[in-house]
Amino acid sequence: MNLLIIRLIIFAVLFFAGLKLYGMYRQWKLDRETLEHQPQRRDGSQMVRCQWCEVHVPEEEALRDQQHWFCSSAHRDRYLQEQSDLNASTPPKGTPDDDKH
Ligand SMILES: [Zn+2]
């Protein structure tokens, strides 16, 4: 008799845990869907994010460089400058080291 009650309690706990998990899953899925649909506006223009200042600008006003978007040519240049600096992380070899007399 005792075992049956324990089984019932376990079953009830599992049931409510599953119900709660399902609710959380639904909420998460809903949040994700709204998040995915947010950047795409229905009024024609799609919003893109500037790679440099992270400001959202309409696609037709933004500048594109490969897969990156920028709000202005200045920010595009700064971003590309930073990227080339990161790529050239090795110290420049052209520095005249034999010039210290
Ligand atoms: Zn910008």
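This text goes through the predicted model from its overall layout to its helices, its core and two of its loop residues.

The protein contains two helices and four strands. Following the chain from its start, these elements come in the order α-β-β-β-β-α. The strands therefore sit between the two helices in the sequence, as the pattern α-β-β-β-β-α shows.

Helix α1 covers residues 2–37, which is 36 residues. At 1.5 Å a residue, a helix of that length should span 52 Å, and the C-alpha atoms at its ends are 53 Å apart, so the two values agree. None of this helix is packed away: the number of buried residues in α1 is zero, so the helix lies largely in the open.

Helix α2 covers residues 73–87 and has 15 residues. The expected span, again at 1.5 Å a residue, is 21 Å, and the end C-alpha atoms are 21 Å apart, so expectation and model agree here too. This helix is hardly covered, with one buried residue among its 15.

Burial is also limited in the protein as a whole. Of its 101 residues, 7% count as buried. Contacts can be looked at in a similar way. Among contacts between residues at least 6 apart in sequence, 9% join residues at least 24 apart.

Where is the largest nonpolar core? It is made up of five residues: V48, A62, W69, F70 and C71. In soluble globular proteins, nonpolar side chains tend to be buried together. One member of the core, C71, can be followed further through its contacts. Leaving aside residues up to four places away in sequence, C71 touches C50, C53, V55, V57 and A62. Of these partners, A62 is itself listed in the core.

The loops between strands hold two residues with a notable backbone angle. E54 is in the loop between β1 (47–49) and β2 (56–58). Its phi is near 60 degrees, a positive value in a residue other than glycine. Is E54 buried or exposed? E54 has 8 C-beta neighbours inside 10 Å, and because a residue with 12 or fewer counts as exposed, E54 is exposed.

Q66 belongs to another loop, the one between β3 (63–65) and β4 (68–70). The phi of Q66 is near 55 degrees, which is again positive in a residue other than glycine. With 6 other C-beta atoms within 10 Å, Q66 is exposed.

Definitions and conventions:
Residues numbered from 1 in each chain as written. Predicted model: local features only at pLDDT ≥ 70, side-chain atom pairs only at ≥ 80, totals over all residues. Buried ≥ 20, exposed ≤ 12 C-beta atoms within 10 Å, placed from the backbone. Contact = placed C-beta atoms within 7 Å. Core = buried A, V, L, I, M, F, W, Y, C linked by C-beta atoms within 7 Å. Expected span 1.5 Å × (residues − 1).
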